[in-house]
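Me: I would like to learn how to read a structure like this one feature by feature. Could you take me through it, starting with the backbone?

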Amino acid sequence: MSLRDDLYKEVILDHFENPRNYGILEPCTFHEKGMNPLCGDELEIFLRMENDTINEITFNGKGCSISQSSGSMMTELVKGKSKEEAYEILKKFKKAILEDSNEVFSEDEGDLEALLGVKKYPVRVKCAVLAWNTLEQLLK
Ligand code: ZN
């Protein structure tokens, strides 16, 4: 195992064990539940929009470390962003993990690179995109 793989594992584990923005948001403007039956992951996202900005976002759920750490990273990144900005991050991440492209992530988005390690495993890719697909449903 390379040093980079080790680092990635640590990033994922950190988000899994200390999830950011974890819990139920009340009151919220929107919420949406996503599931990945292949792995048994469940994830619910709560959103509070003000004008066009994601003022508050939390997630709640259970499942593997990939799905839950992805939820943690996602909420951390889109919180405080406009709907459009959140969409940009979402598209970038999905492109990076679903297609054979080399997306460039900013320093803020750096943790996302850790998730790209699962690219070779189709089942795990579904775990990694669950939070993002659920967010996409909400932003639509
Ligand atoms: Zn999973």
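Reply: Let us begin with a loop: asparagine 51 lies in the loop between strand 2 and strand 3. Please keep in mind throughout that this is a predicted model.

Me: What sign does the phi of asparagine 51 have, and is asparagine 51 buried or exposed?

Reply: The general idea is that most residues other than glycine have a negative phi, and most peptide bonds are trans. Asparagine 51 has a positive phi of about 55° although it is not a glycine, and it counts as exposed because its relative accessibility is 77%, where the cut-off for exposed is over 50%. Asparagine 21, in the loop between helix 1 and strand 1, likewise has a positive phi of about 55°. The loop between helix 1 (3-17) and strand 1 also holds proline 27, which is joined to glutamate 26 by a cis peptide bond with omega of about -5°.

Me: How are the strands ordered, and in what sense do they pair?

Reply: A sheet is read by following the order of its strands and then asking which of them lie at the edges. Here three strands form an open sheet in the order 1-2-3, with antiparallel pairing; strand 1 (30-36) and strand 3 (53-62) are the edge strands, each pairing on one side only. Strand 2 (residues 41-50) is paired with strand 3 over nine bridges, and phenylalanine 46 stands opposite threonine 58 in strand 3.

Me: Which residues coordinate the zinc ion?

Reply: For a metal site, one lists the donors and then places them in the fold. The zinc ion is coordinated by Cys39 (SG), Asp41 (through OD, listed twice), Cys64 (SG) and Cys127 (SG), at 2.1 to 2.7 Å. Aspartate 41 lies in strand 2 and cysteine 64 in the loop between strand 3 and helix 2, so this pair ties together parts that are 23 residues apart in sequence. Aspartate 41 counts as buried because its relative accessibility is 1%, and cysteine 64 is buried as well, with a relative accessible area of 16%.

Me: At what angle do helix 2 and helix 5 cross, and which residues make the contact?

Reply: A helix pair is read from its axes and then from its contact residues. The axes of helix 2 (residues 65-78) and helix 5 (residues 122-139) come within 8 Å and cross at roughly 35°, in a right-handed crossing. Helix 2 contributes residues including Ile66, Gly71 and Met74, and helix 5 residues including Cys127, Trp132 and Leu135; the contact residues divide into ten nonpolar, three polar and one charged.

Notes: Residues numbered from 1 in each chain as written. Predicted model: local features only at pLDDT ≥ 70, side-chain atom pairs only at ≥ 80, totals over all residues. Heavy atoms only, no water. Axes fitted to C-alpha atoms, helices over the stretch in contact; angles between N-to-C directions. Helix = DSSP H or I, 4+ residues; strand = E, 2+ residues; numbered from the N terminus. Left-handed = near helix turned anticlockwise from the far one by under 90°. Contact = heavy atoms within 4.5 Å. Nonpolar A, V, L, I, M, F, W, Y, C, P; charged D, E, K, R; others polar. Pairing = 2+ DSSP bridges. Donors = N, O, S within 2.8 Å, 3.2 Å for Na, K, Ca; no water. Buried < 20%, exposed > 50% of the residue type's maximum accessible area, 1.4 Å probe, protein only.
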